[in-house]
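Okay, thanks everyone, let's get going. Have a look at this one with me.

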Amino acid sequence: MLTSQLDGSKLTLRLEVESLDAGNAASFKQELATYDFSKLTQVILVMSAVSFVDSSGVGALLSLQKRLPPTAGNLNLKGTNTAVVGVIELLRLNRVFKLV
């Protein structure tokens, strides 16, 4: 589900699923548990493959944000399509996540 690339203290995660929803949000969170975020200064989640996010998916994204240390700031969501951006903006989570 996730591929990663670590460049110094910057971690780029690529989400390789078409949707982040109730069917796979728990697996996403379990996979995140294998990463050590403690020394990171930036985390980017590439979501270009994701075309749908439901409330469970949003909860999984918030769970990732909560795991980040203060040094990492907000989670950067990269390559989000218009439908996903619409959900994030509707919930006003563009204040929590950084859309890049």
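I'll go through the sheet, then a helix, a loop residue and a ring pair.

Quick housekeeping: this is a predicted model, so to speak of local features we need pLDDT of at least 70, side-chain atom pairs count only at pLDDT 80 or more, and totals for chains, interfaces and linings use all residues. Numbering starts from 1 along each chain as its sequence is written, and side-chain values use heavy atoms, with hydrogens and water left out.

Right, the sheet. It's open, with five strands in the order β1-β2-β4-β6-β7 and mixed pairing. The edge strands, β1 and β7 (98–99), each pair on one side only. Strands here are DSSP E runs of at least two residues, helices are H or I runs of at least four, both numbered from the N terminus, and two strands pair if DSSP finds at least two bridges between them.

β1 (residues 2–7) and β2 (residues 10–15) run antiparallel, joined by six bridges, with Leu2 opposite Leu15. They make a hairpin with two residues between them, and Gly8 in the turn has a positive phi of about 65°. β4 (residues 42–46) pairs with β6 in the parallel sense over three bridges; there, Ile44 has Asn76 as its bridge partner.

Now Thr80, in the loop between β6 (76–78) and α3 (82–90). Buried or exposed? Buried, because its relative accessibility is 18%, and the cut-off for buried is under 20%, with exposed over 50% and partly exposed in between (1.4 Å probe, protein chains only). Leaving out residues up to four places away in sequence, Thr80 touches Met47, Val85 and Leu99, where contact means heavy atoms within 4.5 Å.That's my time, so the helix and rings can wait.
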